[in-house]
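Student: I should like to understand how descriptive terms are justified for a protein model. May we work through some examples?

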Amino acid sequence: MYNPDSMGFSTNQIHAARPEPIGPAPLATPIYQTSTYIFESTQQGAARFALEEPGYIYTRLHNPNSDEVAARIACLEGGEAGMMTASGMGAITATLWTILRSGDHIVSDRTLYGCTYALFTEGLPRFGVEVTFVDFEDIDAVRAAVRPETKVVYCETATNPDLKVVDIAAVASAVHEANPGVLYMVDNTFTSPYLVRPLTLGADVVVHSATKYLNGHGDVIAGAIIGKKALIDRIIPCGLKYMTGCAAAPFDSFLIARGLKTLDIRMDRHCANAMKVARFLEGHPAVRRVCYPGLESHPQHALAARMYEHGGFGGVVSFELACGRERTAQFVNELKLCTLAVSLGDAITLIEHPASMTHNTYTVEELAKIGISESLLRLSVGLEDPDDLIADLRAGLDKIEEERA
Ligand code: LCS
């Protein structure tokens, strides 16, 4: 029993009235807002560090909130094990820095989230890793790009920002045939495991920006990695523990666990709203092109219909206006309900301009090569009444059309 009368002020300000851990069995997992965990003895601490005894050591490695949500996401993805990270970029780097060495090679889709592209063009080459960019619509080109020193093949399920859909099963069999040692890594942020489960289609590891649909409420930055237990057991002590240190915060993991409870109903609504908005945009004369896998006009609509589960095609719709960059910017500035911000997967509809924002890591020429113009906008359709979103978009589009007439 702690006796404050026998202790100094400094000791009491830390230890006095500290509650004994008790078990009231709360329904929601409490937030384990702690950096470290008490060992019963030096022997126990040594055994945990030696991985001879399971148990908590330090929150950079494990935390009950993060472990709980990681295991839940792994279950949803159909993976053996999972781990949380402080961001989606943390999930990507922790995985790659566990796998790669100088001299290794990556084959990547050429359309990627802008920071992933910068990691591949600016970051990894500084450490002697070479990246070959290929259009993943062309499976033969992907197969041909794989070399003996290729360690990782990388793509997004649906590309950010233009929603090209990758045939994950076809890529998986092609690249594993070309080199059985490659790790096929898929960023499943845009679809979430509710719509696509890359591991069940032959991918080896899935990464997420959990900042997006998994959390769903725009108040967290976090990432997740899901794959074979043997791989996660390598990434935690290497990619997480000493290469990046990008551990997820306990509170963020708590919020993602809360958000995950409604993933399916949120995704159903995101998909239904996005479909309605995409059909509206496709019918408006001020819109040159709409990128949405749910539209019959999308080049991979048939693939998406086969590969996506639960009858939805995601919540992001990108569209190109029939006007120049300046007028496109003005259109966005005049919207009332669609909110100008990067990120996606929020209850609030967000709109952004990829060429100057999320994808400004590509040069204008590189963007043109992958078919992204300065008039392309990316809309993350939220959970509002879709008719209100359409009215907001229609007001701006009608104005452009009047000017053109
Ligand atoms: N992967 C994809 C497909 C993403 O879209 C993002 C972020 C990341 C990884 C990185 O995740 P983070 O570190 O931000 O959690 N995408 C963003 C976007 O399109 N707008 O703002 C961030």
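Tutor: The discussion below concerns a predicted model and takes up its ligand and then a pocket.

Student: How do you know that Thr211 makes a polar contact with the ligand?

Tutor: A polar contact requires a pair of N or O atoms within 3.5 Å. A polar side-chain atom of Thr211 lies 2.6 Å from an oxygen atom of the ligand, so the pair meets that limit. For Arg378, a side-chain N or O atom is 2.6 Å from a ligand oxygen atom, and for Asn160 the distance from a polar side-chain atom to a ligand oxygen is 3.0 Å. These two values therefore also satisfy the limit of 3.5 Å.

Student: How much of the ligand does the protein bury?

Tutor: The ligand taken alone exposes 480 Å², of which the protein buries 93%.

Student: What makes Asp187 a residue near the ligand?

Tutor: The term requires a heavy atom within 4 Å. Asp187 belongs to the 18 residues around the ligand, and is among those that come nearest, with Ser209, Thr211, Lys212 and Arg378. Domain 1 (6-260) and domain 2 (263-404) each supply at least three residues of this shell.

Student: Why is Leu51, in the lining of the second largest pocket, counted as nonpolar?

Tutor: Leu is on the list of nonpolar residue types, so Leu51 is counted there. The lining comprises 11 nonpolar, three polar and six charged residues. The pocket itself has a volume of about 490 Å³, and helix H9 gives the most to its lining, with six residues.

Key
Residues numbered from 1 in each chain as written. Predicted model: local features only at pLDDT ≥ 70, side-chain atom pairs only at ≥ 80, totals over all residues. Heavy atoms only, no water. 1 Å grid on protein atoms, 1.4 Å probe; cavity = no way out; pocket = protein on both sides within 12 Å on 5 of 7 lines; lining within 4 Å. Points joined across faces, edges and corners; volume = space filled by probe spheres on them. Helix = DSSP H or I, 4+ residues; strand = E, 2+ residues; numbered from the N terminus. Polar contact = N/O pair within 3.5 Å; in protein donor to acceptor, adjacent residues only side chain to side chain. Areas by Shrake-Rupley, 256 points an atom, 1.4 Å probe, with all protein chains shown as cover. Domains from an automatic or database assignment.
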